[in-house]
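Trainee: Could you walk me through this one? I'd like to know what sits behind the labels people use.

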Amino acid sequence: MPSRKNSARRSDGRSADTRSASVDRADIVAIGLNATDTLIRVPRFPAFDSKTKILSSALLPGGQAATAAVACRRWGLRSRYIGKIGDDAAGRLQREEFAREGVEAHLIEVPNCASQLAFIIVDQSNGERTILWQRDDRLDLRAEELPREWIRGARLVHVDGHPCAPAAAAASWAREAGAVVTADLDNRYPGVEGLLEHVDFMIGSRDFPERLLGIPDLLESLPEITRRFGCRVAGATLGRDGVLAWDGTRFHYCPAFRVDTVDTTGAGDIFHAGFAYSLLRGDTLPAILEFSCAAAGLNCTAPGARGGIRPVTEIEKLRREGPRHECLYTDAQLRGKERATASMKQSSSKK
């Protein structure tokens, strides 16, 4: 069991917490966003110039990397989180939640700065969400603010690219030490190409590969990402359509599970947590994708980014027995594209 550290320091270098900042081993170190979400549930998404009754509202913790760290801790891993907070009530909420969850949190507090906030409108009719967010640029972690010791002892480092420079530094240190690096990316952030050169498993959003390369077809863009940046696996989450991944030789596709969707907030974050957990457990790539999809699906059955984090036993049950959505890709499509990709690679090597 990990020690329950929750250290912090101010961005001006002064300590904001008197507790020990020594670092132990960690199964996963997550670096990137935390956010405080105001979840607003409405009967249906409001039309322009209309009035809509709010069914409920709640203030909940979220954020890509932060939520992944919390989920892995609930599943029994030693989790560490690194990020920035403001010196406000939202920042205090983040610190308190990490301590309550038993996540070892290294938080840099920015004086006179608001923490990241999000207002999330959830359509009760289908569970889909729309996010309005606000984030001060001073919350961007700088590479020089990241002590190497915070990465030391990690088996896996997970980054979301917010921002890319410290994520790339951490990823480089991690790989030097023999750890694996996973990435959750959804946009072409400044420096993302440099970050990708240090990533082993890149699973981005559906649109990320096209934003990165300008190639709209995932069956073409994912192999190009592995070729260009050296990732062991490149993939994309597809919402209700599941996930598609390329391992350098084969495509692996997993359709999403059918669940009673309440709120899709945090589904991607929990997918990545599931990916890290299953990868560290030593599962094969197809099994990793199935576990991740099952974990993400169950998270959609409760409100909030972390509301539906279920025990591993429940995730495994859904993975084994759960109904699936229709497949977006057929096996024949994938095998045909594999042959075409191999042929192009062979032709290119002969030139």
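Trainee: How many disulfides does a search of the whole structure find?

Mentor: Zero. Before we go on, this is a predicted model, where local features need pLDDT of at least 70, side-chain atom pairs count only at pLDDT 80 or more, and totals for chains, interfaces and linings use all residues. Residues are numbered from 1 along each chain as its sequence is written, and side-chain values use heavy atoms, with hydrogens and water left out.

Trainee: Why is Cys 293 not bonded to Cys 254?

Mentor: A disulfide needs two cysteine sulfur atoms within 2.5 Å. The sulfur of Cys 254 is the closest one to that of Cys 293, but it lies 3.9 Å away, so that's too far for a bond. Cys 300 is in no disulfide either: its nearest cysteine sulfur, in Cys 293, is 11 Å away.

Trainee: What makes Cys 300 buried?

Mentor: Its relative accessible area is 9%, and buried means under 20% (exposed is over 50%, partly exposed in between; 1.4 Å probe, protein chains only). So Cys 300 counts as buried.

Trainee: How do you know that Glu 144 and Arg 142 form a salt bridge?

Mentor: The rule asks for a side-chain nitrogen of Lys or Arg within 4 Å of a carboxyl oxygen of Asp or Glu. Here the closest N and O atoms are 3.0 Å apart, and the pair is a salt bridge.

Trainee: Why is Glu 144 called exposed, and what about Arg 142?

Mentor: Glu 144 has 62% relative accessible area, so it is exposed. Arg 142, at 41%, counts as partly exposed.
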